[in-house]
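Work through the exercises below with the sequence and the model at hand. Each task is followed by a solution in steps.

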Amino acid sequence: MSIKGIAILGSTGSIGRSTLAVAAKFPDRFRVVALAGGNNAELLEKQIRVFKPEVAAIASEASAESLRKACAGLPVRILSGSEGMVQVAAADGADTTVSAIVGTAGLVPTMAAIRAGKTIALANKEVLVTAGELVMAECRRRNTALLPVDSEHSAIFQCLQAGAHRDIRRLILTASGGPFRGHSKQDLAKVTLAQALKHPNWSMGKKITIDSATLMNKGLEVIEAHWLFGVAPEQISVLVHPQSIVHSLVEYSDGAMVAQLGMPDMKGPIAYALSYPDRLPDVSPPLDLAKLGTLTFHAPDQELFPCLGYAFDAIRAGGSMPAVLSAANEVAVQHFLEERIGYLDIPVVIKRTMDAHTPALLSTVEEALAADCWARQEAERVVTTMRRQAI
Ligand code: NAD
Ligand code: MG
């Protein structure tokens, strides 16, 4: 059994740290060869000392400069900026590149990893929402595998091994429903940032935690599933399952449903993407169904959580619309995190930005990034108008 080289984009984030925990648990299987983080130089330095990668990158050149001083004497090359991210993504010794930067910032390095022929362990769903068709086409061209890390998609990937693609009737993505499940519209008008940041089942980065509270996370996941598994949006549905034990299901043409279950712990799907087709021992905490007793399911409330419907609208509109949805959401979530807009303003910003957009075909990554850039400017304009009207 040869040791697999791993490069991690976003190593200082929630998924990045869990990936390093998996790598540390199986030193005879994985060697960390490259790390990239956004701006947490202190943590990146610690990771460099423990995992001894050959190359590391950080977003700003100023942080890279101080990191070089801190790591003087260690055999590591420290790079910066988007060029640094690309170098980490395509690092020489890497067999698998873990794509776990949050948002569109992950697109260019992920494409670089695909072009370099790396297997991709994909956590960053925004990459597929923004440029799914281009990313999948590049994977086919380079004959590289794109393995899902997102827990629902990892579940579906596992369930799909039970049948043929032509026999899929439906993919069913489960959703916890987030912290505001069961709230009324009046309750939602009053929710605070602190409440939105408290996810009932998963501990994750801030952006995805807010996306879970608006159900936009599930909307992005519908688009992600469409591209990953080549299934039409009409054949993808969402089921609220507050316990987050059933990670997703596939319904086959004969009526059989195949589900994947486990404790809510990202180390499971991360390890599976790193070791596929093998399974590693004792990755996730054991699941005691008798102790849990009850699992419940219900349909999502699309009126209270309109972001889910906007994602379906975006994928049906096609072309640049999903990129616009995702970028407008990133802008709205950032403003919400900085407490400049309220929770109920998030869907409004997204809807107004989408309404102002005429979708165009995307033939290149540059075109996808241009749509993203347009949407950011438009969403900023919407936020400014909203705030002016609120005064
Ligand atoms: P996070 O915020 O905890 O970490 C994000 C990482 O990206 C950090 O290392 C940060 O430094 C880096 N980063 C941010 N902006 C950057 C930039 N401009 N350039 C370079 N690096 C940058 O986020 P997370 O929760 O780990 O999520 C990462 C991705 O994985 C997201 O796309 C999310 O949707 C997806 N995902 C996360 C989970 C989870 O459980 N956390 C589950 C499924 C999917
Ligand atoms: Mg998920």
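**Exercise 1.** In which loop does K52 lie?

Solution. The model is predicted. Step 1: K52 belongs to the loop that runs between helix 2 (41-51) and strand 3 (55-58). Step 2: look at the backbone of K52, where phi is positive, about 50 degrees, although the residue is not a glycine. Step 3: compare with the usual case, in which most residues other than glycine have a negative phi. Step 4: K52 has a relative accessible area of 60%. The cut-off for exposed is over 50%, so K52 is exposed.

**Exercise 2.** Locate N143 and decide whether N143 is buried or exposed.

Solution. Step 1: N143 is placed in the loop between helix 6 and strand 7 (146-148). Step 2: the phi of N143 is near 55 degrees, a positive value in a residue other than glycine. Step 3: N143 counts as exposed because its relative accessible area is 71%, and exposed means over 50%.

**Exercise 3.** Find the loop that holds P277 and describe the peptide bond from Y276 to P277.

Solution. Step 1: P277 sits in the loop between helix 12 (267-275) and helix 13 (289-292). Step 2: omega of the bond from Y276 to P277 is near 5 degrees, and the bond is cis. Step 3: for comparison, most peptide bonds are trans.

**Exercise 4.** Describe the surroundings of ligand 1.

Solution. Step 1: there are 23 residues around ligand 1, and T12, S14, G38, E126 and G205 come nearest. Step 2: sort the shell by class, which gives ten nonpolar, ten polar and three charged residues. Step 3: helix 1 (14-25) and helix 6 (125-142) each contribute at least two residues to this shell. Step 4: list polar contacts with oxygen atoms of ligand 1. A side-chain N or O atom of T12 is 2.7 Å from one such oxygen atom. A polar side-chain atom of E126 lies 2.7 Å from an oxygen atom of the ligand. For G10, a backbone N or O atom is 3.3 Å from an oxygen atom of ligand 1. Step 5: on its own, ligand 1 has 820 Å² of accessible area, and the protein covers 83% of this.

**Exercise 5.** Which residues make the nonpolar surface patch of about 230 Å²?

Solution. Step 1: the patch is made by L261, L289 and L292. Step 2: L261 is found in strand 11 (residues 257-261). Step 3: the relative accessible area of L261 is 35%. Patch residues need over 30%, so L261 meets that cut-off while being partly exposed.

Notes
Residues numbered from 1 in each chain as written. Chains lettered and ligands numbered in written order. Predicted model: local features only at pLDDT ≥ 70, side-chain atom pairs only at ≥ 80, totals over all residues. Heavy atoms only, no water. Patch = residues over 30% accessible without salt bridge, like charges linked within 9 Å, V, L, I, M, F, W, Y side chains within 5 Å. Areas by Shrake-Rupley, 256 points an atom, 1.4 Å probe, with all protein chains shown as cover. Salt bridge = Lys/Arg side-chain N within 4 Å of Asp/Glu carboxyl O. Helix = DSSP H or I, 4+ residues; strand = E, 2+ residues; numbered from the N terminus. Buried < 20%, exposed > 50% of the residue type's maximum accessible area, 1.4 Å probe, protein only. Near = heavy atom within 4 Å. Polar contact = N/O pair within 3.5 Å; in protein donor to acceptor, adjacent residues only side chain to side chain. Nonpolar A, V, L, I, M, F, W, Y, C, P; charged D, E, K, R; others polar.
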